[in-house]
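The following note sets out points for a colleague's consideration. It deals with helix packing, aromatic pairs and backbone torsions.

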Amino acid sequence: MNPKLRLALDLGPLLVFFLAYKALGLLAATAALIVFTAISLAVTYILEKKIAIMPLVSGIAVTVFGGMTLLLQDELFIKMKPTLVNLLFASILLAGAYFKKPMLKYLLGEAMQLTEKGWMVLSIRWGLFFMFLAALNEFIWRNFSTDFWVNFKVFGMFTCTMIFTFSQIPLIKKYWVEPEKNNQ
């Protein structure tokens, strides 16, 4: 898929959420997030004939927690969604590491090739990072205004994730395995 389209599909629903929040408030933004997340997943499926597990899980969580927010007219559910999704991802990655199954290898193994130790270390680091994001989300939504939380959700989490991702480049380089060339 074209990288610009991929970026638009990944970040578009979050941008729509932010703009709708600024114009219409959290409930309208939540409804917009549900709709645009569904559209993003549908377009991804149409173009790629598959949806990666993380966006699918996030999409389901947006629908469930966003739906509860709208149905009960209670911001609590949409604010808790990042916490619960991050804890789910952390649990999967850390449980995999505990059982000596680096789960990131199954998610990203086609995109890059690392040694088993590299996959294990990367899985543990991402698991711990997801726990950090969950704790940070809990702290922010419980201690700051909804306006602050929305800004954190849209800009803070993205920034933290990008910084963490780039900080993993030395580890990836250290454990990188060159793909074997086919003898033809």
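1. Aromatic pairs overall. The model under review is predicted. A search of the whole structure yields 12 aromatic pairs. One of them joins Phe-89 and Phe-130, whose ring centres are 5.4 Å apart with 55° between the planes, a tilted arrangement. Because Phe-89 belongs to helix α4 (residues 76-98) and Phe-130 to helix α6 (residues 116-143), this pair ties together parts that are 41 residues apart in sequence. Phe-89 is buried, at 9% relative accessible area, and Phe-130 is buried as well, at 8%.

2. A pair within one helix. The ring centres of Trp-126 and Phe-129 lie 5.5 Å apart and the planes stand at 90°; the pair is therefore edge-to-face. Both residues are in helix α6, three residues apart, which is about one turn of the helix. Trp-126 has a relative accessible area of 14% and is buried; Phe-129, with 7%, is likewise buried.

3. The aromatic cluster. Phe-89, Trp-126, Phe-129 and Phe-130 are among the members of one aromatic cluster, which also includes Phe-132 and Phe-164.

4. Packing of α1 on α7. Two packed helices are described by the angle between their axes and the distance between the axes. For helix α1 (residues 3-24) and helix α7 (residues 146-167), the axes come within 11 Å and cross at roughly 160°. Since angles over 145 degrees count as roughly antiparallel, α1 and α7 are therefore roughly antiparallel to each other. The crossing of α1 past α7 is left-handed.

5. Residues at this contact. From α1, the residues involved are Leu-11, Leu-14, Phe-17, Phe-18, Tyr-21 and Lys-22; in α7 they meet residues including Trp-149, Val-150, Val-154, Phe-155 and Phe-158. By class, the contact of α1 with α7 comprises 10 nonpolar, two polar and three charged residues.

6. Backbone torsions to inspect. Most residues other than glycine have a negative phi. Which value does phi of Lys-49 take? Phi of Lys-49 is near 60°, which is positive in a residue other than glycine. Lys-49 is located in the loop between α2 (26-48) and α3 (53-72), and at 58% relative accessibility it counts as exposed. Gln-73, also not a glycine, has a positive phi of about 55°. Gln-73 is placed in the loop between α3 and α4 and is exposed, with a relative accessible area of 55%.

Technical notes:
Residues numbered from 1 in each chain as written. Predicted model: local features only at pLDDT ≥ 70, side-chain atom pairs only at ≥ 80, totals over all residues. Heavy atoms only, no water. Axes fitted to C-alpha atoms, helices over the stretch in contact; angles between N-to-C directions. Helix = DSSP H or I, 4+ residues; strand = E, 2+ residues; numbered from the N terminus. Parallel < 35°, antiparallel > 145°, perpendicular 65-115°, else oblique. Left-handed = near helix turned anticlockwise from the far one by under 90°. Contact = heavy atoms within 4.5 Å. Nonpolar A, V, L, I, M, F, W, Y, C, P; charged D, E, K, R; others polar. Phe/Tyr/Trp six-rings, centres within 6.5 Å; stacked < 30°, edge-to-face > 60°. Buried < 20%, exposed > 50% of the residue type's maximum accessible area, 1.4 Å probe, protein only.
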